[in-house]
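Have your viewer open and your selection tool ready? Let's walk through this model together, one stop at a time.

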Amino acid sequence: YEETALVMLCGILVWSAFAETVSRSTNTLIENQNLIQKVVFPSEVLPVYLTLSALVNMLIGVVIALAAIAWYAWIAPVDVAQPELSTSVRQIGYGVALCALPVLMALQALFTLGLGLFFATLNLFVRDVYHLMGVGLSVWMFLTPIFYPAKAVEDAGLGWVLTINPMYWLIDSYRLVLMYDEWPRPPVMAAFAAVAVVVFCIGSAFFMRHKPRFPDLM
C-alpha cells in the first residue's frame, strides 16, 4: 500500500515540524534565561528561530517525500488510489499545485509561532505548562488523521473533530498539493488563514505585553 505510506509520510512531516516548534518554544525562555537576564536581548527571536529551523528541516523532508511520490507516480506508478484514504479515486503525482506550498508554509509558520509565543510566556507563570505540553500534543496528534484515514473518523460519527481541528485542515491541504496535484480547498484555506492570524495576534500580544517582566520571572 504505497499510497498509505505516502499519506502517512506527508502527515508526519507537517506534524513533526509543528509539534517540535511548539514544544521547544514553550521552554525556550527558561532554557535561555542567561541571555534574557544579562543582556538586552530580543527574546522574540528565540521562538522565531525555532519555527524557521523546523520549517527548513520539514522542507528537506518534503523534498524526500516528493522523490518518493515521483517514483510511485511515474517510475513505478500506483494505478488506483486507495479508496479508504480519500473520497474519490485519484492518481498520485504533483505539478503546478506545488506553487501553493509557500503559502501553506507561511500560514503554518504564523500559526505555529503564535502558539509558541503564547506558551513560552505562559510557561514563565505556570512552569507545569512545559510538562503538560507533551501530553497535550500527543492527544492532539491522535485526534488528527495522520496514521489513519479521515473517513474512519467520519464513519464513527466524529466528523466534528475534523471540523474544529486546524491541523487536519493544514495536513489535508499539504496532501492535496504534494500527492494529487490539487489546489487546497479555498474555504479550508480561508478558515486556516483566519485561525493562524488570530492565534498569531493573541500569542504575540501576550508575549510583548509581558516581555518587560521576563527577567523577573526567571
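Start by selecting Glu154, which is partly exposed because its relative accessibility is 45%, between the 20% limit for buried and the 50% limit for exposed. As you look at Glu154, bear in mind that this is a predicted model. Glu154 belongs to helix H6, residues 150-155. Show its surroundings and you will find that Glu154 touches Gly159 and Leu162, leaving aside residues up to four places away in sequence.

**Next stop: helix H8**

Now select residues 166-180, which make up helix H8. The helix has 15 residues and runs 21 Å from its first C-alpha to its last, close to the 21 Å expected at 1.5 Å a residue. Turn on a surface if you like: H8 is mostly covered, with 15 of its 15 residues buried.

What caps the N-terminal end of H8? Select Asn165 and look at its side chain: an oxygen there lies 3.0 Å from the backbone nitrogen of Met167.

Stay in H8 and pick Ser173. Ser173 counts as buried because its relative accessibility is 2%, and buried means under 20%. Around Ser173, display Leu104, Pro184, Val188 and Met189; Ser173 touches these four, not counting residues up to four places away in sequence.

Then step just past the end of H8 to Asp181. Asp181 sits in the loop between H8 and H9. Check its backbone angles: phi is positive, at about 55 degrees, although Asp181 is not a glycine. Is Asp181 buried, partly exposed or exposed? With a relative accessible area of 31%, Asp181 is partly exposed.

**Helix H4 and its two partners**

Colour helix H9, residues 186-210, together with H4. Their axes are 8 Å apart and the two pack at an angle of about 35 degrees. The crossing is left-handed. Colour the contact of H4 with H9 by residue class and you will see 22 nonpolar and six polar residues, with no charged residues.

Keep H4 (residues 101-125) and swap the partner for helix H3 (residues 45-75). Here the axes come within 10 Å and cross at roughly 145 degrees. The crossing of H3 and H4 is right-handed. To see the contact itself, select these side chains:

- From H3: Pro47, Val48, Thr51, Leu55, Met58, Leu59 and Val62.
- From H4: Leu101, Met105, Gln108, Ala109, Leu113 and Leu117.

By class, the contact of H3 with H4 has eleven nonpolar residues, two polar ones and no charged ones. As you scan along a helix, a rule of thumb helps: an α-helix has 3.6 residues a turn, so residues three or four places apart point the same way.

**Last stop: Ser25**

Finish in helix H1, residues 2-31, by selecting Ser25. Ser25 is buried, with a relative accessible area of 0%. Where does the side chain of Ser25 reach? Draw a distance to the backbone oxygen of Thr21 and you should get 2.7 Å.

Now show the neighbours of Ser25: Pro47, Leu50, Gly116 and Ala120 are in contact with it, not counting residues up to four places away in sequence. Pro47 may look familiar, as it is also part of the contact that H3 makes with H4. For one more distance, go from C-alpha to C-alpha between Ser25 and Gly116: these two are 91 residues apart in sequence and 5.0 Å apart in space.

Note on methods. Residues numbered from 1 in each chain as written. Predicted model: local features only at pLDDT ≥ 70, side-chain atom pairs only at ≥ 80, totals over all residues. Heavy atoms only, no water. Axes fitted to C-alpha atoms, helices over the stretch in contact; angles between N-to-C directions. Helix = DSSP H or I, 4+ residues; strand = E, 2+ residues; numbered from the N terminus. Left-handed = near helix turned anticlockwise from the far one by under 90°. Contact = heavy atoms within 4.5 Å. Nonpolar A, V, L, I, M, F, W, Y, C, P; charged D, E, K, R; others polar. Expected span 1.5 Å × (residues − 1). Buried < 20%, exposed > 50% of the residue type's maximum accessible area, 1.4 Å probe, protein only. Polar contact = N/O pair within 3.5 Å; in protein donor to acceptor, adjacent residues only side chain to side chain.
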